[in-house]
Amino acid sequence: MINPIFSSWNLRNKRVFVRADLNVPLSDGKIRNDFRLTSILPTIDYILKKQGSIVLATHIGRPSGQEPELSTQLLVPWFKQQGYTIQFVQDINTIAMMEIVPQHILLLENLRFFPGEQNGDIVFAKELARTAQYYINDAFGTIHEHGCSTTLLPYEFSEHRRSIGLLMEKELQAFDTLTENPAHPFLAILGGGKVKDKIPLVSSLLHKVDTVALYPAICFSFLKALGKPVGKSLVDDTILDTCKKIILEAEFANVSYLFPVDYQAGYNTINSSLSIISADNFPDNAIGISVGPQTVELISKEINHAKTVFLNCAMGFSEYPTTQQSTQDIIEAMAQSSAKTIIAGGDSVDIALRTEHYQNITHLSTGGGAALAYLNNKLLPGLIPFEET
Ligand code: 3PG
């Protein structure tokens, strides 16, 4: 377990660079839920209470270059509404010359607008480092990825001046309880987008869980690899061999895997009218979007038997609320169960927050792919700078 060391820092009139994951879900440029924003507040409040000043940095989305609708400027009104003094800064190089104002936040432009963030550019790391005297990584959602601000920048600060934040600590603790001694039966429910990123991580769960449910869109690459019909559903043809290998590993590890027995499907396009189809009779032109009622009923029974349930599975599209109803029903079953329940991923949490009893979920995580990666291997790029030597 990595401990935050920043409680020993004297932050009066000092600037702290806080790398956060404020990659909030957006609809028409509006923040759909502020979960990732409220989650970072304990770290921010701690620094401000100690009379420190913050350089707050995040990515939003996956922009190719500068996409104005993904500017971090859209976060400013939210912080102001919560009573924070915050200023948006586009030109990083001006910060070193600015006076340090205690209890003040400088919000950097979307880090992914700068080519150096994803190119691993040391010059960019040095530019960022000049803005602050201390560094905190509180971006749990990115610990599995390489990025200048998370994997190079920490080394620009001495070991005693870099730390993980309070959110990161809370997340790591929650997942450590899953890996160290989870109560069995342990059920994992996996689906949703970012298929290419997530499939290789499915095998990470096989030595921990008793049952894995594979749902849209992840399931279609597995089903195609097994020679089953999937119509025009989303498949990543480049990883079919990986899928076959994972199925064999699951069988070898005695892990049961569940596929949907019915689907909510569209025809030719995802916004065509939807119908429920049986998994045994998948039309050539159908696109599986979510699971159908029979699958929801079956997984609800599994949830009731389980002692631990992990879900990273945002099926459907936020623009079409009916496509997200099955996910919502599955999450409600989790909320009503007595199992230890963990939900990971921005979109999964977005749906969870719409369920009636979401407060009963044991842990809502700000990470998705990060959570899967951490369950697999704790030595992740974003955490290595904080490992004790
Ligand atoms: C997430 O939303 O999972 C994190 O912010 C990471 O985003 P990315 O998958 O676009 O790197």
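Is Lys126 buried, partly exposed or exposed, and what is its relative accessible area? Lys126 is partly exposed, at 40% relative accessible area; buried stands for under 20%, exposed for over 50%, and partly exposed for what lies in between, with a 1.4 Å probe and protein chains only.

The views below come from a predicted model, in which local features need pLDDT of at least 70 and side-chain atom pairs count only at pLDDT 80 or more, while totals for chains, interfaces and linings use all residues. Residues are numbered from 1 along each chain as its sequence is written, and side-chain values use heavy atoms, with hydrogens and water left out.

**View 1. Glu156 and Lys126 form a salt bridge.**
The N to O distance in this pair is 3.1 Å; a salt bridge is a side-chain nitrogen of Lys or Arg within 4 Å of a carboxyl oxygen of Asp or Glu. Glu156 sits in the loop between H5 and strand S8 (162-164), and Lys126 in helix H4 (residues 122-129), so named because helices (H or I, at least four residues) and strands (E, at least two) are DSSP runs numbered from the N terminus. The two residues are 30 residues apart, and the pair links distant parts of the chain. Glu156 is partly exposed, with 29% relative accessibility.

**View 2. Asp21 pairs with Arg36 in a salt bridge.**
The closest N and O atoms of Asp21 and Arg36 are 3.5 Å apart. Asp21 belongs to the loop between strand S1 (15-19) and strand S2 (26-27) and Arg36 to helix H1, so the pair ties together parts that are 15 residues apart in sequence. Asp21 is buried at 7% relative accessibility, and Arg36 is buried at 11%. The structure holds eleven salt bridges.

**View 3. Arg112 and Glu145 meet through their side chains.**
This salt bridge spans 3.6 Å from N to O. Arg112 is in the loop between strand S6 (105-108) and helix H3 (115-119), and Glu145 is in the loop between strand S7 (134-137) and helix H5 (148-152), so parts that are 33 residues apart in sequence are tied together. Arg112 counts as buried, at 13% relative accessibility, whereas Glu145 counts as partly exposed, at 26%.

**View 4. Salt bridges link Arg32, Asp350 and Arg354 in a network.**
Side chains of opposite charge can pair when their charged atoms come close.

**View 5. Asp45 is placed in helix H1 (residues 35-49).**
Asp45 is partly exposed, with 35% relative accessibility. Its C-alpha atom is separated by 9.6 Å from that of Tyr84, and the two residues are 39 residues apart along the chain.

**View 6. Strand S9 (residues 186-190) is mostly covered.**
Five of the five residues of S9 are buried. Phe186, Ala188 and Leu190 point one way from the strand, and Leu187 and Ile189 point the other way. Ile189 has a relative accessible area of 0%. Between the C-alpha atoms of Ile189 and Val89 there are 40 Å in space, with their positions 100 residues apart in sequence.

**View 7. S9 runs parallel to strand S15 (residues 308-312) and to strand S10 (residues 211-214).**
Five bridges join S9 to S15, and four join S9 to S10; two strands pair if DSSP finds at least two bridges between them. Leu190 stands opposite Asn312 in S15, and Leu187 has Thr211 in S10 as its bridge partner.

**View 8. Three strands make an open antiparallel sheet in the order S13-S12-S14.**
Strand S13 (275-278) and strand S14 (286-291) are at the edges with a single partner strand each, so one side of each has no neighbour in the sheet. From one strand to the next, the twist averages 50°; axes are lines fitted to C-alpha atoms, for helices over the stretch in contact, and angles run from 0 to 180 degrees between N-to-C directions. Strand S12 (residues 262-267) is joined to S14 by five bridges, and Ala265 stands opposite Gly288 in S14.

**View 9. The protein chain is assigned domain 1 (6-171 + 382-386) and domain 2 (184-338).**
These bounds come from an automatic or database domain assignment. The centres of domain 1 and domain 2, taken over C-alpha atoms, are separated by 34 Å.
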